[in-house]
Amino acid sequence: MSLMSPALRPYFSTAGLRYGARATLPAFPGFIMFALAFGAAAAQKGLSLGETLGLSAFVYAGASQMVGLEIWQKAWTPSTILTIMTVTAIVNARMILLGATLQPWLKDEPLARTALNLFLITEAGWLVSTRYHNEGGRDVGVLLGCGMILWTVWIAATLGGYFAGALVPEPRRFGLDLVMPIFFGVMLVPLWKGARTALPWLVAGLVALIVHALVPGYVFIIAGALTGVAAGMLIE
C-alpha cells in the first residue's frame with residue numbers, strides 16, 4: 001500500500017516512520033537554532049548539564065523552556081514551583097488543540113503509542129503530519145517518525161548550545177544577552193497579518209507591563225497571556 005493512498009482505517013508501518021523523519025528536514029534549521037539558543041541561555045543562567053538536558057527531554061517545548069529559565073531559582077519554594085507549573089501550562093495550552101485534531105487518526109492506536117505521539121507533538125511535526133493526512137495518507141508511523149526525529153535533533157542541538165554558552169563567562173560583555181529578544185522579534189515578523197490580528201499581542205504586552213510594575217514576581221506572564229487570549233477571542 002502506498003503511503004499516500006487513502007485507506008479506510010489508520011495503520012502503522014516502519015516505512016511511515018522513515019517517511020515522517022524525511023518529511024521534517026525543512027524544519028531542522030529553525031529547530032536547531034532555537035535549541036542552540038536555549039542551551040546557551042541555560043548555561044549562562046547557571047543550570048547544570050543534567051538540568052538543561054532534562055528540560056529539553058521532558059518539557060520539550062521551546063517557548064515554555066525559555067519562560068522557565070526566567071523563573072528558575074537556585075532555591076525553590078512552593079510558590080515558585082506553582083508559578084513555573086502554571087506559566088508552563090498556559091504557554092503549552094495550544095497543544096491541547098493540536099492533540100484534539102489528531103483524535104480521528106489516533107483513536108484506534110494502542111494507548112502507549114498514542115501517549116508517545118502526543119508527547120512528541122510539535123507545531124512543525126503536526127503541520128507535516130496533518131498535511132500528509134489531508135492528502136489521503138493514513139500511516140500513523142509518519143506522525144511518530146516526525147516526532148522522534150525532531151526530539152532527537154532538539155536534544156542534540158541543546159547539548160551543543162549548552163557547551164557553546166558555557167564557554168562565554170560574561171555574556172553581557174559581548175551582547176549575548178540580547179540574542180533571545182532579537183530571536184523572538186525575528187520570529188514574530190512572519191506572523192504579521194495586519195493591525196487587527198496584532199491587537200491581542202498589543203493588549204497582552206500592555207497588561208504584562210502594567211502588572212509587572214504593580215505586582216512582584218511572575219504574575220505578569222500569566223496576566224499577559226490570559227488577556228491576550230481573551231482579546232483574541234473577542235476580536236474574532
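A residue is counted as buried when its relative accessible area falls under 20%, and serine 129, at a relative accessible area of 0%, is therefore buried in this predicted model. Serine 129 lies in helix H9, which spans residues 123–134. When residues up to four places away in sequence are not counted, serine 129 touches Trp105, Val142, Leu143 and Cys146. Two of these partners, Val142 and Cys146, reappear in a nonpolar core that is described below.

In overall architecture, the secondary structure of the protein chain comprises 13 helices and zero strands, so that cutting the chain into elements, by the definition applied to helices and strands, yields an uninterrupted α pattern when read along the sequence. Of the 236 residues in the protein chain, 37% are buried. Among the contacts with a separation of 6 or more, 76% are accounted for by residues 24 or more positions apart. The protein chain exposes about 13600 Å², of which carbon and sulfur atoms supply 73%.

The largest nonpolar core contains 22 residues, and the members that touch the most other members are Phe38, Leu47, Tyr60, Met66, Leu69 and Trp154. The elements giving two or more residues to this core are H2, helix H3 (49–59), helix H4 (62–71) and H10, with H2 providing the largest share, eight residues. Phenylalanine 38, one of the members named above, is in contact with Thr52, Leu55, Ser56, Gln65, Met66, Leu69 and Thr158, once its neighbours within four places in sequence are left aside. A second, separate core consists of eleven residues, including Leu102, Val140, Val142 and Cys146.

Alanine 42 is placed in helix H2, which covers residues 28–45. Because its relative accessibility is 0%, alanine 42 counts as buried. Leaving aside neighbours within four places in sequence, alanine 42 is in contact with Leu47, Thr52 and Leu69, and two of these residues, Leu47 and Leu69, are listed among the core members that touch the most others. The C-alpha atoms of alanine 42 and tyrosine 162 are separated by 6.7 Å, although the two residues stand 120 residues apart along the chain.

Helix H8, formed by residues 111–120, has Thr114, Asn117 and Leu120 as buried residues. These three residues lie on the same side of H8, because they cover an arc of only 135° around the axis. The face of H8 turned away from that buried side carries Leu111 and Ala112, both of which are exposed. The cover over the buried residues of H8 includes helix H7 (103–106) and helix H10 (140–166); H10 is also one of the elements that give two or more residues to the largest nonpolar core.

At the surface, a nonpolar patch is formed by Leu199, Leu202, Leu206 and Leu209, which together have about 400 Å² of accessible area. Leucine 199, one of the patch residues, is located in helix H12, residues 195–214. With a relative accessible area of 40%, leucine 199 is classed as partly exposed, because this value lies between the limit of 20% for buried residues and that of 50% for exposed ones.

How values were computed. Residues numbered from 1 in each chain as written. Predicted model: local features only at pLDDT ≥ 70, side-chain atom pairs only at ≥ 80, totals over all residues. Heavy atoms only, no water. Helix = DSSP H or I, 4+ residues; strand = E, 2+ residues; numbered from the N terminus. Buried < 20%, exposed > 50% of the residue type's maximum accessible area, 1.4 Å probe, protein only. Contact = heavy atoms within 4.5 Å. Arc of directions from axis to C-beta. Core = buried A, V, L, I, M, F, W, Y, C linked by side-chain atoms within 4.5 Å. Patch = residues over 30% accessible without salt bridge, like charges linked within 9 Å, V, L, I, M, F, W, Y side chains within 5 Å. Areas by Shrake-Rupley, 256 points an atom, 1.4 Å probe, with all protein chains shown as cover. Salt bridge = Lys/Arg side-chain N within 4 Å of Asp/Glu carboxyl O.
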